[in-house]
Amino acid sequence: MAFQLIDDILDFTAHENVLGKPVGNDLWEGKVTLPLIYALEGAGAADRQMVASVLQDRNYERVPFTTSWN
């Protein structure tokens, strides 16, 4: 269970070249993970709408995937 939580967090925070696999996949695959649930609890309406767009579209065309350090 701990491995899965770490993997879920890294999907939002890691760089692809460091992680060795694409990041941001869980969200566009429609997976609502525990880190996402916690993030949405503190998110504003605009951020929630962006997440909903990605979940609905299953891509990052309308909402690009970025991290705070990109």
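Here is a friendly round of questions and answers about the predicted model shown above.

Me: Let's start with charges; how many salt bridges does the structure hold?
Reply: Happy to start there. One of them brings together the side chains of Asp-7 and Lys-21, and another pairs Lys-31 with Glu-29. The count for the structure is 4.

Me: How many residues apart in sequence are the parts that Asp-7 and Lys-21 tie together?
Reply: The two side chains meet with N to O at 2.7 Å. Asp-7 belongs to helix H1 (residues 2–13), while Lys-21 sits in the loop between helix H2 (16–19) and helix H3 (25–28), so the salt bridge links parts whose separation in sequence is 14 residues.

Me: Is Asp-7 buried or exposed?
Reply: The cut-off helps here: a residue is called buried under 20% relative accessible area. Its partner Lys-21, at 36%, is partly exposed. Asp-7 has a relative accessible area of 16%, so Asp-7 is buried.

Me: Which residues are joined into one network by salt bridges that share partners?
Reply: Lys-31 is a good place to look. Its side chain meets that of Asp-26 in a salt bridge of 3.9 Å, N to O, and Lys-31 also forms a salt bridge with Glu-29, with the closest N and O atoms 3.0 Å apart. Through these shared partners, the network consists of Asp-26, Glu-29 and Lys-31.

Me: Within that group, what is the relative accessibility of Asp-26?
Reply: Lys-31 is partly exposed at 43%, and Glu-29 is partly exposed at 35%. Asp-26 counts as buried, because its relative accessibility is 10%.

Me: Which side chain of opposite charge is nearest to Asp-11?
Reply: Asp-11 is found in helix H1. It is buried yet has no salt bridge. A salt bridge needs the nitrogen and the carboxyl oxygen within 4 Å. The nearest side chain of opposite charge is 6.0 Å away, and it belongs to Lys-21.

Me: Which residue has its backbone nitrogen 3.4 Å from a polar atom of the Asp-11 side chain?
Reply: Asp-11 lacks a salt bridge, but its side chain does have a polar atom 3.4 Å from a backbone nitrogen. That nitrogen is from Asn-25.

Me: Turning to the surface, which helix gives the most to the nonpolar patch?
Reply: The patch is formed by Met-1, Leu-5, Val-32, Leu-34, Ile-37 and Tyr-38, which together have about 630 Å² of accessible area. Val-32 lies in the loop between H3 and H4, and is partly exposed at 49%. With 3 residues, the top contributor is helix H4 (residues 34–41).

Me: Is the aromatic pair of Tyr-60 and Phe-65 stacked, edge-to-face or tilted?
Reply: A search of the whole structure finds 1 aromatic pair. Its rings, from Tyr-60 and Phe-65, are 5.3 Å apart centre to centre, with 55 degrees between the planes. Planes under 30 degrees apart count as stacked and over 60 as edge-to-face, so the rest are tilted. The pair of Tyr-60 and Phe-65 is therefore described as tilted.

Me: How far apart in space are Thr-66 and Gly-24, C-alpha to C-alpha?
Reply: Thr-66 is in the segment after helix H5 (45–57), and counts as exposed at 54% relative accessibility. In sequence, Thr-66 and Gly-24 are 42 residues apart. Their C-alpha to C-alpha distance in space is 8.7 Å.

Key
Residues are numbered from 1 along each chain as its sequence is written. This is a predicted model: local features need pLDDT of at least 70, side-chain atom pairs count only at pLDDT 80 or more; totals for chains, interfaces and linings use all residues. Side-chain values use heavy atoms; hydrogens and water are left out. Rings of Phe, Tyr and Trp (its six-membered ring) pair if their centres lie within 6.5 Å; planes under 30 degrees apart count as stacked, over 60 as edge-to-face and the rest as tilted. Helices (H or I, at least four residues) and strands (E, at least two) are DSSP runs, numbered from the N terminus. Buried means under 20% relative accessible area, exposed over 50%, partly exposed in between (1.4 Å probe, protein chains only). Patches are made of residues with over 30% relative accessible area and no salt bridge: like charges are joined within 9 Å, nonpolar side chains (Val, Leu, Ile, Met, Phe, Trp, Tyr) within 5 Å. Accessible areas come from the Shrake-Rupley method with a 1.4 Å probe; for residues, only the protein chains shown count as cover. Lys and Arg count as positive and Asp and Glu as negative; His and the chain ends are not counted. A polar contact is a pair of N or O atoms within 3.5 Å; within protein, one must be able to donate a hydrogen and the other to accept it, and residues adjacent in sequence count only if both atoms are side-chain atoms.
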